[in-house]
Amino acid sequence: MLKDRGVDVIFGIPGVHNQEMYRGIEEAGIAHVLARHEQGAGFMADGYARATGRPGVAYVITGPGVCNIMTPMGQAYSDSVPMLVISSCLDETAATRGQLHQMKDQQTAAGTVCDWSEEARTADAAYQLVDRAFAEFSTERPRSKHLQVPISVLEAQADTPPKPLAPAPPLTFSAGDVAQVAALLAEAKRPLFIFGGGAANAADPARLVLKTTGAASFTTYAGRGIVGPDNPLAFGSYLAKPDSMTAIQNADLIIAVGTELAQVDIWRDALGNSGPLVRIDLETAVLADGQRCDHPIQAEAGAFLAALAETLPGTSPATDWNAEEIARSRARWAAEVDAEYPGIPTICDALKACLPDGTMIYSDMTQFAYAAKEVWDMDRPGHWHHPYGFGTLGYALPAAIGGAVGRPGLPTMAIAGDYGFHYTMQELGVAVELGLSLPIILWDNGKLGAIEASMVSAQIAPNAVVARNPDFVKLAQAFGAGATAPQTLEEMQSAVHDAFKADGPTLIYITPEILG
């Protein structure tokens, strides 16, 4: 059934409870990637989904397997990633105690971090729930889902699954909605677009709309690359800077597309707009949130922006935005990033210059990524993936493995910090096993730097922010991976170049001393 619905790889770990889910995988032509921990399996499925646009599927066992994958499920939920976790479960838990992997309520526990968690007590119910998940992935905001199947049902005979459902019709919007936004743009002197990750598939119409309206723009971190880096009216991904509110207040029309304008997008309670706010989003809850938009439009971003572009005049009108003014703002914000994270923007520039075209990057919660998300302009969307919402550690390496599996032959890179790498460094074994040409940039500042800075700013004496690290180069070599510790930016660039040509992963260990 999964193969007929486009699944070509499953990430997971088999156990005695879920072993029946492994019967027939090879015959169906589905590959299985054996993770070293269920958290790794979940992040791999997440990374695969972000890279391919297709749902990532993970298999886990009852009890601890489900608990271990709940963090990736929470991450996929917050970042709108289509991920289906299928687990086994005990046949009953009320009358019998002390069973292997027993939980009080596994289904409810999983449901706290995903879109829905359901139990299929028959094969037909399992088939229906799988189809429900795939239908919702394609028609609603994609989020993680959990399906559990009792062991006795997994072991029983089952009828042939149904054929795949016909594709659901796309979400429609009215011509009046398009005309209304076009009219607002025609009247505005300082229109401003804000593009989020939900508009990642809409780069072409978004750029056309910006060109034909003379509008300025921001992107959220997840929306980087939607606006071209050569656009002189692009404020970039500096939306979280406090004085971005100045630009927003100076706009007489804000159009937010595919973004929740959440805390992790703007890092303040309110956007700060004084002009009307138009919001275009798939989810009704977003359209009715505390930002109190004036013109809510439920629509898929790409389709709506394409329709809007067709109604606009072919020439760009004169607006009151000033390219030099925007450039000065960007320069000021870039300087602030360099002051907060000394030297990291310089390393970012050197790293960016040596990457092959189309490199897909997966980053962890680390100061290196925090700086890069603001100063590193992307030339296309959907090519930098980060644990934005849930904010988990340990994401980068396994997610990059999933991304590399989903894009064979195309360049993929991971960026992790020294502390977060501890969470999932065992997945190096998977990258070696699969022979992935995966550069892994490991940034080691010897501490939980962001937490230390936060404690200091709160007048708390820094505590528990330094952990004893292993020799990461030797550790990677012990897994069978390549490893190097470049001493200069030029050596780093050479190491990255070689890593993309290697027949396995390469850990590239860098510290602040690389700047000399």
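Helices (H or I, at least four residues) and strands (E, at least two) are DSSP runs, numbered from the N terminus. Please keep in mind that this is a predicted model, where local features need pLDDT of at least 70, side-chain atom pairs count only at pLDDT 80 or more, and totals for chains, interfaces and linings use all residues. Residues are numbered from 1 along each chain as its sequence is written, and side-chain values use heavy atoms, with hydrogens and water left out.

**Exercise 1. Place Ser-80 and Arg-292, and describe their phi angles and accessibility.**

Step 1: Find Ser-80 in the loop between α3 (64–78) and β4 (83–89). Its phi is positive, about 60°, although Ser-80 is not a glycine.

Step 2: Now go to the loop between α11 (284–287) and β11 (295–298), where Arg-292 is found. Arg-292 is also a residue other than glycine with a positive phi, here near 55°.

Step 3: Apply the accessibility classes: buried means under 20% relative accessible area, exposed over 50%, and partly exposed in between (1.4 Å probe, protein chains only). Ser-80 has 22% relative accessibility, so it counts as partly exposed. Arg-292 has 64%, so it counts as exposed.

**Exercise 2. Work out the surroundings of Arg-279.**

Step 1: Locate Arg-279 in strand β10 (residues 277–281).

Step 2: Classify it: Arg-279 counts as buried because its relative accessibility is 1%.

Step 3: List its contacts (heavy atoms within 4.5 Å). Setting aside neighbours within four places in sequence, Arg-279 touches residues including Glu-260, Asp-289, Gln-291, Cys-293 and His-295. Ala-256, Leu-261, Val-286 and Ile-297 are also among its contacts.

**Exercise 3. Decide how enclosed helix α15 is.**

Step 1: Look along residues 367–375, the nine residues of α15. Buried ones include Gln-367, Phe-368, Tyr-370, Lys-373 and Glu-374.

Step 2: Eight of the nine are buried, so α15 is largely enclosed by the rest of the structure.

**Exercise 4. Trace the six-stranded sheet and the helix across it.**

Step 1: Follow the open, parallel sheet in the order β13-β12-β14-β15-β17-β16. Its edge strands, β13 (384–385) and β16 (482–484), each pair on one side only. Two strands pair if DSSP finds at least two bridges between them.

Step 2: Zoom in on β14 (residues 412–417) and β15 (residues 439–443), which pair in the parallel sense over four bridges. Ala-414 has Ile-440 in β15 as its bridge partner.

Step 3: Add helix α16 (residues 396–406), which lies across β12 (360–363), β14 and β15 and runs at about 175° to β14. Here, axes are lines fitted to C-alpha atoms, for helices over the stretch in contact, and angles run from 0 to 180 degrees between N-to-C directions.
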